[in-house]
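User: I would like to learn how to read a few features of a protein model. Please take me through them one by one.

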Amino acid sequence: MSHLQMSVALKSFFRQPLQNFAAGATVAIVALPLALAFGIGSGLGAAAGLTTAIIAGLVAAVFGGSKYQVSGPTGAMTVVLIPIFSQYGAPGVLGVGLIAGGLLILSAILRIGQHVHKLPTALIEGFTAGIAIVIAISQLQFLIDFNSSISALVIAVAVVLASRKIPRLPISLILVIVAAVLNSALNLELTSIGELPARIGDFSIGFLNQDFTKLVFAGIAVAILAALESLLSAKIADRMALALQTNRAEKSTADFISHDSNRELFGQGLANLIVPFFGGVPATAALARTAVNVRSGATSKLASAVHALLLAVIVLTLAPLVSQIPLAALAGVLFATCFNMINFGELRSLAKESVTNAAVLAVTFIITVSVDLIAAVISGLVVSLTLRHRKIADRLDRRYPPVNSKETLGD
């Protein structure tokens, strides 16, 4: 990069600092309970989730290709990591993240990024809905105890309702704080997060001492998911930003792209190469946090970087208070997140639009819930291509009917 290019990049990064600082602060408030919840959900714990949000969030913001992306642990990634943790433990999760990081950088070098945008909408909506169901199922363990059940359900309903009525209110954080206070004051005996270290990760290379060959396929799955989620999130963020700037409907801006897809893959890859050495889980762009960033007025990467730095300040100064948050409260936040992930109107519209969309939607959703995300994406693509090919063949047959050989010969 030349000095002129570097100067332009820095000016772009730091433009409108107050507006971007405010957007970053808003996202940090939203991201805190989600980082904790997804860290716990992955098996590595709340501290791992925060470490990922801070380190991966900062690296991906600085080196990625989108002005609006906010990265960290996500629900979709958690779904993939649960069986990896069960089979290989924490070292396996860290190793998979390292492999995925390398594959993402390789994808950027090979310029694969621009092709991800061609995936059918029905496939995307199908596996997004499936992911939501899998996350919700993983949280059912918190509904066994009566007090935990009531707390989780109340928070879930409150977050869903408040996010629709007052979208700018950080209701998730407010409610988990209230739950922590009530748990202590009323002696509800809800299980809390537990002790959190007042530091950002623990640097270690111990996880390198394992057989990486057994992690290759899992690493490929994580890399594919990270690429899909990040680039789809970047595309949606561009569309949202343009819609807000021009007061146009988001659907009318569906083909607008202002991010650099391959640079985004590089940023995500670099983040995933670094974060395992500090005990963090594999990361990707987070659509919900990215959407909050855009709607809060972000105009440059500074907002996303501020989000990561503010989370670091919280970890370093408020770890003892954060450790008192009940797990049931975080389960409630995740239940609400799952509900908000499913676009019911879009699902109905796609199902009615065509038989192809309905089939792709159903197959992708079912296989996401019953098998895994990568199998779902592959199956959805196969169904989509097969049905579209058949539809094209049928149209050609109607337009150019086959010639009857006997009639041609005059028999």
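Analyst: We will go from the whole chain to a helix pair, a cavity and two single residues. Keep in mind that this model is predicted.

User: How many helices and strands does the chain have?

Analyst: The chain has 16 helices and 2 strands. Of its 411 residues, 51% are buried. Sequence separation is worth a look too. Take the contacts between residues at least 6 apart in sequence: 86% of them join residues at least 24 apart.

User: How do I read a pair of packed helices?

Analyst: Use two numbers: the angle between the axes and the distance between the axes. Here, take H2 (residues 17-42) and H4 (residues 75-109). Their packing angle is about 25 degrees, and their axes lie 8 Å apart. H2 is therefore roughly parallel to H4, because angles under 35 degrees count as roughly parallel.

User: Which residues of H2 and H4 make the contact?

Analyst: H2 contributes Phe38, Gly41 and Ser42. From H4 come Gly75, Thr78, Leu81, Ile82 and Phe85. By class, this contact has 4 nonpolar and 4 polar residues, with no charged ones.

User: How is empty space found inside a model?

Analyst: A probe the size of a water molecule is rolled over the atoms, and this shows where empty space is left. In this model, the count is 1 cavity of 30 Å³ or more. The largest cavity holds about 30 Å³ of space.

User: Which residues line the largest cavity?

Analyst: The lining consists of Phe38, Gly41, Thr78, Ile82, Ile135, Ser138, Gln139 and Leu334. H2, H4 and helix H5 (121-138) each supply at least two lining residues. Phe38, Gly41, Thr78 and Ile82 appear in this lining and also in the contact of H2 with H4. By class, the lining has 4 nonpolar, 4 polar and no charged residues.

User: Now a single residue. Is Ser304 buried or exposed?

Analyst: Ser304 has a relative accessible area of 1%. The cut-off for buried is under 20%, so Ser304 is buried. Ser304 sits in helix H11 (residues 302-322).

User: What is Ser304 in contact with, leaving aside its neighbours within four places in sequence?

Analyst: Ser304 is in contact with Gly57, Ala61, Gln69, Val70 and Asn293.

User: And the backbone? Where is Arg111, and what is its phi?

Analyst: Arg111 is in the loop between H4 and H5. Its phi is near 60 degrees. That is a positive value in a residue other than glycine.

Note on methods: Residues are numbered from 1 along each chain as its sequence is written. This is a predicted model: local features need pLDDT of at least 70, side-chain atom pairs count only at pLDDT 80 or more; totals for chains, interfaces and linings use all residues. Side-chain values use heavy atoms; hydrogens and water are left out. Axes are lines fitted to C-alpha atoms, for helices over the stretch in contact, and angles run from 0 to 180 degrees between N-to-C directions. Helices (H or I, at least four residues) and strands (E, at least two) are DSSP runs, numbered from the N terminus. Angles under 35 degrees count as roughly parallel, over 145 as roughly antiparallel, 65 to 115 as roughly perpendicular and the rest as oblique. Contact means heavy atoms within 4.5 Å. Ala, Val, Leu, Ile, Met, Phe, Trp, Tyr, Cys and Pro count as nonpolar, Asp, Glu, Lys and Arg as charged, and the others, Gly among them, as polar. On a 1 Å grid over the protein atoms alone, a cavity is a set of points where a 1.4 Å probe fits but cannot get out, and a pocket is an open set with protein on both sides within 12 Å along at least five of seven lines; lining residues have an atom within 4 Å of a point. Grid points are joined across faces, edges and corners, and a volume is the space filled by probe spheres set on the points. Buried means under 20% relative accessible area, exposed over 50%, partly exposed in between (1.4 Å probe, protein chains only).
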